[in-house]
Amino acid sequence: MKSSSLSLIAGTVALAAVTGFAVLTAPGDTSAAEPKAATRLPVERSSLLCPAPGRSDLAETTYTAYTPAADSAGGGAGTAELTPSTAATADGTAGGTGKGDGGKEEDKKKDDKGGKDDKGDKGDGKSGKDGKGDGKTDSTKPVLSLKEPGKPVTAEVSGAGAPALVGTATGRLAPGWAAQQTTVVEAGARGLLGVSCTSPGADFWFPAVSTAKSREDYVHLTNPDDTAAVADIELYGPDGSLKSDVGEGITVPARSGVRVLISTLTSEAVEDVTAHVTTRTGRVGAAVRTADDTTGSDWLAASVSPNGTLVLPGIPADATSVRLVAFAPGDDDADLKIQLLGPGGPISPVGNESLHVKSRMTAGVDLKDVTRGEPGSLLLSPTKGGEGTPVVAALRVVRGKGDGREAGYIPATGPVGAQATAADNRAKGSTLSLTAPGATGTVKVIASAGSEGGEQVVKTYTVKGGTTLAVTPPVPSGLKGGYALTVRTESGGPVHAARTLSLPQDGVQMFTVQTLSDDRGTVAVPDAVQDLSVLDD
């Protein structure tokens, strides 16, 4: 085979490693190729986006980045950096950006709650441990710069100026690259807010947002590219689409962030809403920052893509209230069986054994204290079996009572697959929930080296089919700083996972839940099915 043929094959392999898809056939060949076993190769490039953490002067934000150590890795040494967006995150308006009524309303509500006035995003945090910054960021300097697989790096930023971050990992740092931000706000719209930084995309579903007067929910859009993106936000309530003209044509400038107050997109105040974010041009990262008058604030990540069967893992044992919100985006209604997968197996909540979701309408049901003192996960499946009608779903979970209540969110998520990572963990306060909705599955859990010291620890868990296993995860020996948890499938059926981080403070059960889904650190590259030396004839 001559050089041009080799170049074509090399190019095909490189395309697959970057995009996750490649096909190789000879010119003019219309015959069906024989199925061939694909080779899995590590990705060579990965992108992540982290939303601006918020606008409270009392906020303390920790960023963490990590790439798991692996037997094989991408080519070259590689780099992995997260840098501030080139412009401060602004309040979005249809057809453009800028300070709008949404921002003014949030400022007023924060004042009424006793929180500090918003001072605006000031730009730049110095990298810490990598360091601790004061909210003043140099957009040319990385906030986080990862040097090697297997050891996380962290940075801390105080105040309202913590920026949105955009970044890319290459070479051996790309496969499985993960980042997370965790923010503590002690007053005003208090809370422990955690979110995993996401890959850019063009389609996101957020069930469990709200336009109720007691809520302040913001969609954060971050653009990683050098050209502007244009996004639309559609809202759906219990009676269908919520009319809105201002949710269309939202411009997100190049390498910048925009936040949109959901309640300004419609005149209707609705408790259970599903937000659908799509882009007309470009790509964005999307997440929703929620805030409630009585239960604090947290991030809501996007639900997994619409599916007939969904798993929502990691409901804390001491949850005092659990609300399920689901949406059917297609033309058909969905009839869902609701099951709680606990330590002893599946049970159906009394009085809430099923849920009917009408086409393009949001349905909500209060499951109350469904876990009754035991950890669990929710399984939604078609009542009549089969593939069912695709839906998206999320849970709003409350811990504590009275003034000590705190809310968090659990979106439906896919299985851990080959591997999945929660980047930010502490010596105390972490709980790992593992759920096997079908057959029994076995996973390996790797506690990385600490960000400032400590040695990796590995432990294996077997999760019985139809149950949830909640464990205190392993901690690196001699831990200093934070560490990452990576879950890898070893054998058996699919396992879904979530990590809960708890930091109780002054009687408030502050917590946040992040689900873990396959990091897609490798891609399948089809083997060549023909000798392409004919290209040189």
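Which residues does Leu-380 touch, not counting residues up to four places away in sequence?

**View 1. Leu-380 and its contacts.** In this predicted model, Leu-380 touches Gly-308, Thr-309, Leu-310 and Leu-312, along with Leu-324, Leu-336, Lys-337, Ile-338 and Ala-393. That list leaves out residues up to four places away in sequence.

**View 2. The largest nonpolar core.** Zoom out from Leu-380 and you get the largest nonpolar core, with 29 residues. Leu-380 shares the top spot for touching other members with Leu-324, Leu-378 and Leu-395. Quite a few strands chip in two or more residues each: E22 (310-315), E23 (319-327), E24 (334-342), E26 (354-357), E27 (362-368), E28 (376-382), E29 (392-399) and E40 (511-516). Another core, of 28 residues, lies apart from this one; Val-252, Val-258, Val-277 and Val-325 are among its members. As background, nonpolar side chains in soluble globular proteins tend to be buried together.

**View 3. An open sheet with four strands.** Here 4 strands line up as E2-E10-E4-E8, with antiparallel pairing. Strand E2 (45-50) and strand E8 (144-146) sit at the edges, so to speak, each pairing on one side only. On average, neighbouring strands of this sheet are turned by 15 degrees against each other, ignoring direction. Look closer at E4 (residues 80-84) and E10 (residues 165-170): 5 bridges join this antiparallel pair. One detail to pick out is Ala-80, whose bridge partner in E10 is Ala-169.

**View 4. Two arginines with positive phi.** Arg-360 isn't a glycine, yet its phi is positive, at about 55 degrees. You'll find Arg-360 in the loop between E26 and E27. Is Arg-360 buried or partly exposed? Arg-360 counts as partly exposed because its relative accessibility is 38%. Arg-520 is another non-glycine residue with a positive phi, of about 50 degrees. Its place is the loop between E40 and strand E41 (522-525). With 67% relative accessibility, Arg-520 counts as exposed, since the cut-off for exposed is over 50%.

**View 5. Where the confidence drops.** The chain has a mean pLDDT of 85, and 80% of its residues reach 70 or more. Residues 1-34 are another story: pLDDT stays under 50 there, and the model gives this stretch 45 contacts beyond four places in sequence. Residues 97-135 also have pLDDT below 50, with 108 contacts in the model beyond near neighbours in sequence.

Definitions and conventions:
Residues numbered from 1 in each chain as written. Heavy atoms only, no water. Core = buried A, V, L, I, M, F, W, Y, C linked by side-chain atoms within 4.5 Å. Buried < 20%, exposed > 50% of the residue type's maximum accessible area, 1.4 Å probe, protein only. Contact = heavy atoms within 4.5 Å. pLDDT = per-residue confidence, 0-100. Pairing = 2+ DSSP bridges. Axes fitted to C-alpha atoms, helices over the stretch in contact; angles between N-to-C directions.
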